[in-house]
Amino acid sequence: MPHFVIMGAGRVGVMLAHTLDEAGHTVAIIDQDEHAFRRLASRYGGRTVTGVGFDRDTLEQAGIKDAYAFAAVSSGDNSNILATRVARETYNVPHVVARIYDPGRAEIYQRLGIPTVAAVRWSADQVLRRILPETGVQGDFREASGRLVLGEIDVHRQWYGRLVTDIESASGVRVAYLTRFGQGILPTSGTRLQDGDILHAMMPVDATGEVDRVLSKPPAKAAAAAEGNIDETSTEEQA
């Protein structure tokens, strides 16, 4: 079961902790103020760690070495970014997200490869969509017949630097737009996916599982998997 570490026991942090804990995941929540943990319901079964969220001893006490994802949702932009960088660069946590209050900083943070959401658009749901393992494809819009969905797709890091048209060819989706540095851009035939980009694509509803299966692999394995030339189990073991 994936382990999640949350920094900040405010409204969003507590909501995340409750949601993940109730879903059966292991959770640790960090806050400098031990009184902040009073917001947690008595049913919460995860860990609480008092300390600074970017301090290594604090992070290790929270189980950062085993973390599948780290969410920094405290009230401080700088603390959130610093903690997220430590989680990613020191402990190689695969999924991180940071809350920010200053949208003007989004470009800087995303250049560092850190997914961010401005506080004015922030919700616990947006965090979950970026850190839960079962959310490879997120449906944002369905056309009238219900057959097509516009979704946000999580791709393997080795797709970064590849042409958007390569992604379309491998998965059968039609990329509608990219979110880059907090702004939407329309891709052209020469557009390449960059680290930090969020990919939004149109696809058949019944193909979302296959799209996630293909794009969650590196490009070479994805191509072979799409052609049915690699056994699914052996592919997963090598990924």
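Which residue just after α6 takes a positive phi? That is G172, at about 80 degrees. Keep that spot in mind, as we'll come back to α6 further on. What you have on screen is a predicted model, and the walk below goes through it piece by piece.

Start with the overall inventory. The chain holds nine helices and eleven strands. It runs to 239 residues, of which 48% count as buried. If you take contacts between residues at least 6 apart in sequence, 55% of them join residues at least 24 apart.

Now go to the beginning of the chain and pick up strand β1, residues 3-7. Its neighbour is β2, and the two pair in the parallel sense over five bridges. To get the register, put H3 opposite T26 of β2, then F4 opposite V27. In a regular strand, side chains alternate between the two faces of the sheet, which makes it worth looking at each side of β1 in turn. H3, V5 and M7 are on one side, F4 and I6 are on the other, and all are buried, leaving both faces covered. With five of its five residues buried, β1 is therefore largely enclosed by the rest of the structure. Strand β2, residues 26-31, gets a similar description: five of its six residues are buried, so this strand too is largely enclosed.

Move along to helix α3, residues 77-90, and find T84 within that helix. Is T84 buried or exposed? Its relative accessible area is 0%, so T84 is buried. Leaving aside residues up to four places away in sequence, T84 touches F70, A72, V96, V97, A98 and I114. Strand β5 covers residues 95-100, and if you step 15 residues along the chain from T84 you arrive at R99, with 9.8 Å between the two C-alpha atoms.

Between α3 and β5 there is a loop, and N92 sits in it. Most residues other than glycine have a negative phi. N92 isn't a glycine, yet its phi is positive, at about 55 degrees. As for its surroundings, N92 has a relative accessibility of 60%, which means it counts as exposed.

Further on comes β8, residues 148-153, with L148 as one of its residues. At 33% relative accessibility, L148 counts as partly exposed. Look across to M202, 54 residues away along the chain, and you'll find the two C-alpha atoms separated by 6.7 Å. M202 belongs to β11, where it is the bridge partner of R174. That bridge is a handy way into the next set of strands. β9 (residues 174-180) and β11 (residues 198-204) run antiparallel and are joined by five bridges. β9 also pairs with β10, residues 183-185, again in the antiparallel sense and over three bridges. One pair to look for there is L178 with I185, its bridge partner in β10.

Step back to the loop between β8 and α6, where Y160 lies. Y160 is partly exposed, with a relative accessible area of 25%. Which residues does Y160 touch, not counting those up to four places away in sequence? They are V155, L193, Q194, D195 and G196. For L193, the C-alpha atom is 5.1 Å from that of Y160, although 33 residues separate the two along the chain.

That loop leads into α6, residues 164-171. Within this helix V164, I167, E168, A170 and S171 are buried. An α-helix has 3.6 residues a turn, so residues three or four places apart point the same way. The partner to look at is α7, residues 208-215, which packs against α6 at an angle of about 125 degrees with the axes 9 Å apart. How are α6 and α7 oriented to each other? At that angle they are oblique, and their crossing is right-handed. I167, A170 and S171 make the contact from α6, while α7 brings V211, V214 and L215. By type, the contact residues divide into five nonpolar, one polar and no charged. Finally, just past the end of α6, you are back at G172 and its positive phi.

Terms used
Residues are numbered from 1 along each chain as its sequence is written. This is a predicted model: local features need pLDDT of at least 70, side-chain atom pairs count only at pLDDT 80 or more; totals for chains, interfaces and linings use all residues. Side-chain values use heavy atoms; hydrogens and water are left out. Axes are lines fitted to C-alpha atoms, for helices over the stretch in contact, and angles run from 0 to 180 degrees between N-to-C directions. Helices (H or I, at least four residues) and strands (E, at least two) are DSSP runs, numbered from the N terminus. Angles under 35 degrees count as roughly parallel, over 145 as roughly antiparallel, 65 to 115 as roughly perpendicular and the rest as oblique. A crossing is left-handed if the near helix is turned anticlockwise from the far one by less than a right angle, and right-handed if clockwise. Contact means heavy atoms within 4.5 Å. Ala, Val, Leu, Ile, Met, Phe, Trp, Tyr, Cys and Pro count as nonpolar, Asp, Glu, Lys and Arg as charged, and the others, Gly among them, as polar. Buried means under 20% relative accessible area, exposed over 50%, partly exposed in between (1.4 Å probe, protein chains only). Two strands pair if DSSP finds at least two bridges between them.
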